[in-house]
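User: Hi, I'm new to reading protein structures. Could you take me through this one?

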Amino acid sequence: MEQRHLGRTGLRVSRIGLGTLTWGRDTDEHDAAELLKVFWEAGGNLVDTADVYGDGEAEYVLGQLIEGLVPRRDLVISTKAGSVPDPDRRFDGSRGHLLSALDASLQRLGTDYVDLWHVHAFDPGTPLDETLQALDLAVSSGRARYAGVSNFCGWQLAKAATWQLAAPGTRTRLASTQMEYSLLQRGVEREVLPAALDLGVGLLPSSPLGRGVLTGKYRSGTPSDSRGGSEHLAPFVAPYLDDTASSIVDAVTTAADGLAVTPLQVALAWIRDRPGVAAPIVGARNAQQLTGALSVEALSLPDEIRRALDDVSAPVHHYPDHDWSTL
């Protein structure tokens, strides 16, 4: 698999990443082992997790597979901290919480360091410089090799990345931002992506297949064995089962038929090759699904198909995103 630099850093990651959102809950250790082996044998190295996935079980399962199945040196392990199961405070970006969470992640993963560590979301209750100091301490102590943020809007990302570049002392450049991005969700193109491109921050799209909807599996209803058919993930899929999404899925399916490939491959190739994207993070239920996703390595969309998909999924961006004199 081809590799890319992550943002303006020397870290190289496979241009498709493996997500572990369901590991330790819907995906047991046996299935996780199959997924990781298939991914690694295809040349993939970026594995993304978080301390809240499966209440920590995703990290634990991944930790059990390191070395016994795949050499630690062959993986770029990314994890996140900052989301908390507190109805009164969804995110905790305090230095104390973040560093304690990192130590707990390292213990579950069974490793001395993570290659990439993200703040899971912006915490309005904590000064941003305090949150960013946790990243600096994690890197300077060797517990993380690179650092980034996740789910920061445009001004939050720009402020954080600029602070790290301009503030006095030894600061850790933001390597990446992880955001939801797909043909069904192009909101990052409004301000996040321009900020990331300008400041040299690599974009890691999550849910690049529109929470599974872009595969076309929901066109005739909701399969019982899909995420949309599961009790705890159905609300996650539901927002993309509307008429707008349906027209985009139809366009993807038409393109796939014309290219003799699958809708999954078309949707994934589109997002993989967007400006600023380092690696879409793909979550697969089984090895067969993952193999289908990884087969996109050989596919490049023709310009006319890419433009058609751009048009049918184009978000409405007006002032102030475009020159006011054209309005």
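Here are some questions and answers on helices, cores and a few single residues.

User: Before we start, what kind of model is this? And which residues of helix H2 are buried?

Analyst: Keep in mind that what you're looking at is a predicted model. Helix H2 covers residues 57-65. The buried ones in that stretch are Ala58, Glu59, Val61, Leu62, Gly63 and Leu65.

User: What do the buried residues of H2 pack against?

Analyst: Let's go through the partners by type. Two are strands, E4 (46-48) and E5 (76-81). The others are helices, H1 (29-41) and H3 (95-109).

User: Glu57 and Glu59 both interest me. Is Glu59 buried or exposed?

Analyst: Find Glu59 in helix H2. Leaving aside neighbours within four places in sequence, Glu59 is in contact with Thr49, Ala50, Asp51, Thr79, Ser105, Arg108 and Leu109. Its relative accessible area is 0%, and the cut-off for buried is under 20%. So Glu59 is buried.

User: And how does Glu57 count in terms of accessibility?

Analyst: Glu57 also has its place in helix H2. Not counting residues up to four places away in sequence, Glu57 touches Trp23 and Gly24. Its relative accessibility is 37%, and the class between 20% and 50% is partly exposed. So Glu57 counts as partly exposed.

User: How far apart in space are Glu57 and Leu21?

Analyst: Along the sequence, Glu57 and Leu21 are 36 residues apart. For the distance in space, go from C-alpha to C-alpha. That gives 9.9 Å.

User: Which residues have the most contacts inside the largest nonpolar core?

Analyst: That core has 85 residues. Its largest share, seven residues, comes from helix H9 (residues 263-272). The residues with the most contacts inside the core are Trp23, Leu36, Trp117, Leu157 and Leu268.

User: Let's zoom in on Leu36. Which residues is Leu36 in contact with?

Analyst: Here we leave aside its neighbours within four places in sequence. Leu36 is one of the residues with the most contacts inside the largest core. Its partners are Leu18, Trp23, Val47, Leu62, Leu65, Leu69, Val70 and Leu75.

User: Now for helix pairs. Why is H4 called oblique to H5?

Analyst: Helix H4 (residues 128-140) and helix H5 (residues 154-166) have axes 11 Å apart and pack at an angle of about 55 degrees. Under 35 degrees would count as roughly parallel, while 65 to 115 would be roughly perpendicular. The angle falls in neither range, so H4 is oblique to H5.

User: How do the residues of the contact of H4 with H5 divide?

Analyst: H4 brings Leu128, Asp129, Leu132 and Asp136 to the contact. H5 brings Gln156, Lys159, Ala160, Trp163 and Gln164. Sorted by type, they are four nonpolar, two polar and three charged.

User: How are H5 and H6 placed relative to each other, parallel or perpendicular?

Analyst: The axes of H5 and helix H6 (residues 192-199) come within 8 Å. They cross at roughly 15 degrees, and the cut-off for roughly parallel is under 35 degrees. H5 and H6 are therefore roughly parallel.

User: How do the residues of the contact of H5 with H6 divide?

Analyst: On the H5 side we have Gly154, Leu157, Ala158, Ala161, Thr162 and Leu165. On the H6 side there are Val192, Ala195, Ala196 and Leu199. By type, that makes eight nonpolar, two polar and no charged.

Conventions: Residues numbered from 1 in each chain as written. Predicted model: local features only at pLDDT ≥ 70, side-chain atom pairs only at ≥ 80, totals over all residues. Heavy atoms only, no water. Buried < 20%, exposed > 50% of the residue type's maximum accessible area, 1.4 Å probe, protein only. Helix = DSSP H or I, 4+ residues; strand = E, 2+ residues; numbered from the N terminus. Contact = heavy atoms within 4.5 Å. Core = buried A, V, L, I, M, F, W, Y, C linked by side-chain atoms within 4.5 Å. Axes fitted to C-alpha atoms, helices over the stretch in contact; angles between N-to-C directions. Parallel < 35°, antiparallel > 145°, perpendicular 65-115°, else oblique. Nonpolar A, V, L, I, M, F, W, Y, C, P; charged D, E, K, R; others polar.
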